[in-house]
Amino acid sequence: MDSIKRKAIWLLLFWFFIACQQENSSPDAQKALARVGDTFLYEQEVSNLVPEDANPKDSAAMVQRYVDSWIKKQLLLLEAENSEVLSPEEIQKRLEEYKFQLLVHAYKEKIVSQKLDTVFSAQEIETYYQENLANFELKEPITRCFFLKLSKELPKSQLDEAAQLLKSKKEADWEQLQTYAYAFATQHLLEAQKWLPLTQITTQSPFSEEQLLNRGYFLEAEDEAFKYWVKIWEVKRKKDIAPLSFVQNQIESILLNKRKVEIQQNLERQIYQQAEKKNTYEIFKP
């Protein structure tokens, strides 16, 4: 612990150290910051709580908050241990259950991390998608589109050029539009193959959901400050089946979780089978 931290802690708890030194001059007692029953909180346990650049006042406040919190937790623990509400047997049972949950969970996580394959083939994803289409019903409309929002302070020639590039059917013009948008657009979405919620357009423009669903493939609008264009490639309505590309990340997450469960089940089965071979356990009939 550096000198600033040490000074802050000693200033904060000076009275306690004086008392400790009067009662017990052992090294452990001199480093103790607080006591609840037979349990002590030592200086080294809080040494890393205080940032290196903290001033003594802030350091003292941090240590004080930690000590107060520690005392409250220890008092609750002491009360629970001494309470007649929980018997010693029940306390021991809960401790064993917690130990089991903590150690077994950590062990399983370690094994899973060692064996888990996080790569999925296109066929795996496609198969799961086709076998579970009903699970991918859309809860809101989605679209593939180009969207552009430009300030009306730009020269009219630039605004007209952007509109023409957006209306074009040539990929070269779309590439030019990408460059233009990065330089001048306030907002832009120019990935033709990417599906996105329709709300991503309606919240950034004057276009309504009805307009985007029921009008032609190219729309434009303006307000006092901006001009807006949207070029609709495709839309899917609420309750339609989502395209595979829109739910691919969701499917990969599901498949990943299934692999984790499978690894854990195999682990439990292997441990059980090995124990049977080694006579590690036995069942006594009544």
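Which residue in E5 is the bridge partner of Thr-143? Keep that question in mind while you move through this predicted model, beginning with the strand that carries Thr-143.

Select residues 142-151, which form strand E3, and show their side chains: the strand is mostly covered, with ten of its ten residues buried. In a regular strand the side chains alternate between the two faces of the sheet. Here Ile-142, Arg-144, Phe-146, Leu-148 and Leu-150 point one way, while Thr-143, Cys-145, Phe-147, Lys-149 and Ser-151 point the other way, and all of them are buried.

Next, add residues 196-197, strand E5, which runs antiparallel to E3 and is joined to E3 by two bridges; the partner of Thr-143 in this strand is Leu-196. Then select residues 226-236, strand E7, which is also antiparallel to E3 and is joined to E3 by ten bridges, with Ile-232 standing opposite Cys-145. Finally for the strands, bring in residues 187-189, strand E4, where three bridges make an antiparallel pairing with E3 and Gln-187 lies opposite Lys-149.

Now turn to helix H8, residues 156-167, and helix H9, residues 171-184, whose axes come within 9 Å and cross at roughly 140°. The two helices are therefore oblique to each other, and H8 passes H9 in a left-handed crossing. To see where they touch, select Gln-158, Leu-159, Glu-161, Ala-162, Leu-165 and Leu-166 in H8 together with Asp-173, Trp-174, Gln-176, Leu-177, Tyr-180 and Phe-184 in H9. Coloured by class, this contact shows eight nonpolar, two polar and two charged residues.

Definitions and conventions
Residues numbered from 1 in each chain as written. Predicted model: local features only at pLDDT ≥ 70, side-chain atom pairs only at ≥ 80, totals over all residues. Heavy atoms only, no water. Axes fitted to C-alpha atoms, helices over the stretch in contact; angles between N-to-C directions. Helix = DSSP H or I, 4+ residues; strand = E, 2+ residues; numbered from the N terminus. Parallel < 35°, antiparallel > 145°, perpendicular 65-115°, else oblique. Left-handed = near helix turned anticlockwise from the far one by under 90°. Contact = heavy atoms within 4.5 Å. Nonpolar A, V, L, I, M, F, W, Y, C, P; charged D, E, K, R; others polar. Buried < 20%, exposed > 50% of the residue type's maximum accessible area, 1.4 Å probe, protein only. Pairing = 2+ DSSP bridges.
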